[in-house]
Amino acid sequence: MRVRGRTIGGLLLVVVLAAGCGDDGGTSSDPAPAASTATGTDGTDGTGRTDGDPGDEVTLPVFCDLVSADQLTAAVGAAVTTSTGPFDGCEFDQEDPRALSGSLGAVDVAAGGGYEAYQSGSQGAMDEPVRHDIDGLGDAAYVDIGTVAGGANLQVGGGVLVGDVVYTLNLAQGTGMSEDELVAISEQLLRLMVDAT
């Protein structure tokens with residue numbers, strides 16, 4: 001039986017989002033309206049909030065509306081196709097189902113435990129993950145790289161913090177890509193998301 005890379009990427013996303021649940025019974029994965037996030041030039045604080053109050057509704061970016069398949073192809077180094085997935089995530093994959101695939105998304109972490117809680121969820125989804133902090137991108141950025149559910153191939157979960165929003169990245173592959181290759185591609189994808197908003 002063949003398992004597409006999106007299955008692993010989807011599993012990572014679900015675990016990370018579940019880790020962002022607050023004690024108030026809500027989760028950071030509640031769907032938000034599909035629209036581009038504010039950049040701060042329109043009277044908001046850069047996260048789509050009007051006064052920075054975590055209780056205000058935030059407008060999250062929809063990355064399939066902001067980045068093209070050609071831009072993703074350049075970052076990944078291979079031709080990809082895109083589609084909008086759950087929670088307005090931008091999913092991409094290649095013709096070979098074992099090749100690198102992934103998703104770009106956004107999560108408001110203000111009410112879900114914050115950036116550190118999101119990072120813990122990312123690590124909790126993997127077997128012995130290795131953390132790579134990425135300097136000079138957003139307010140903070142990282143990728144965790146490790147195997148999932150005892151698999152043989154490395155997978156990626158990460159994000160970049162912009163205000164109270166984490167631009168999320170999940171990558172899955174079944175072709176034996178190295179940790180260094182995955183870090184380099186992840187950094188390009190995270191930078192692409194920041195540049196697009």
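Is Y115 buried or exposed? Y115 is buried, with a relative accessible area of 10%; buried here means under 20% relative accessible area, exposed over 50%, and partly exposed in between, with a 1.4 Å probe and protein chains only. The tour comes back to this residue below.

**Before selecting anything**

This is a predicted model, in which local features need pLDDT of at least 70 and side-chain atom pairs count only at pLDDT 80 or more, while totals for chains, interfaces and linings use all residues. Residues are numbered from 1 along each chain as its sequence is written, and side-chain values use heavy atoms, with hydrogens and water left out.

Colour by pLDDT, the predictor's confidence in each residue, from 0 to 100. The protein has a mean pLDDT of 80, and 72% of its residues reach 70 or more. Select residues 1-51 and hide them if they distract: pLDDT stays under 50 there, although the model has 106 contacts beyond four places in sequence for this stretch. Contact means heavy atoms within 4.5 Å. Where pLDDT is low, the predicted coordinates should not be read in detail.

**The sheet**

Switch to cartoon. Helices (H or I, at least four residues) and strands (E, at least two) are DSSP runs, numbered from the N terminus. Two strands pair if DSSP finds at least two bridges between them. Seen this way, 7 strands form an open sheet in the order β1-β2-β3-β7-β6-β5-β4, with antiparallel pairing. Select β1 (81-84) and β4 (127-133) for the edges: each has a single partner strand, so one side of each is left without a neighbour in the sheet. On average, neighbouring strands of this sheet are turned by 20° against each other, direction ignored; axes are lines fitted to C-alpha atoms, for helices over the stretch in contact, and angles run from 0 to 180 degrees between N-to-C directions.

Now add helix α5 (residues 179-196), which packs on the sheet and touches β2 (90-93), β3 (101-108), β4, β5, β6 and β7. The direction of α5 makes about 145° with that of β7.

**Strands β4 and β5**

Start from the edge strand β4. It is joined to β5 by 5 bridges, and the two run antiparallel. Across this pairing, R131 stands opposite D144 in β5. The β4-β5 hairpin has 6 residues between the strands, and G136 in it takes a positive phi near 75°. In β5, 7 of the 8 residues are buried.

**Strand β6**

Next select residues 155-162. In β6, 7 of the 8 residues are buried, so the strand is largely enclosed by the rest of the structure. Towards β5 (residues 140-147) there are 7 bridges, running antiparallel, with V143 opposite G158. Towards β7 (residues 165-172) there are 7 bridges, also antiparallel. On that side, G158 stands opposite L169 and V156 opposite L171. The hairpin of β6 and β7 has 2 residues between the strands, and G163 takes a positive phi near 65°.

Centre on V160, a residue of β6. V160 has 0% relative accessibility and therefore counts as buried. Leaving aside neighbours within four places in sequence, its contacts include L137, A141, Y167, L190 and V194. G138 is another of the contacts of V160; the two lie 22 residues apart in sequence and 6.0 Å apart in space, C-alpha to C-alpha.

**Aromatic pairs**

Show the Phe, Tyr and Trp side chains. A pair of aromatic rings is described by the distance of the centres and the angle of the planes. Rings of Phe, Tyr and Trp (its six-membered ring) pair if their centres lie within 6.5 Å, with planes under 30 degrees apart counted as stacked, over 60 as edge-to-face and the rest as tilted. How many aromatic pairs does the structure hold? It holds 2 aromatic pairs.

Select F63 and Y167: their ring centres are 5.2 Å apart and their planes at 75°, so the pair is edge-to-face. F63 is in helix α2 (residues 63-66) and Y167 in strand β7, 104 residues apart, so to say distant parts of the chain are linked. F63 is buried at a relative accessible area of 0%, and Y167 is buried at 1% relative accessibility.

Then select Y115 and Y142, with ring centres 5.9 Å apart and planes at 75°, so this pair is edge-to-face. Y115 lies in helix α4 (residues 114-124) and Y142 in strand β5, 27 residues apart. Y142 counts as buried at 0% relative accessibility.

**Last stop: Q119**

Stay on helix α4, where Q119 is placed. Q119 is buried, with a relative accessible area of 12%. Apart from neighbours within four places in sequence, Q119 is in contact with R131, Y142 and D144.
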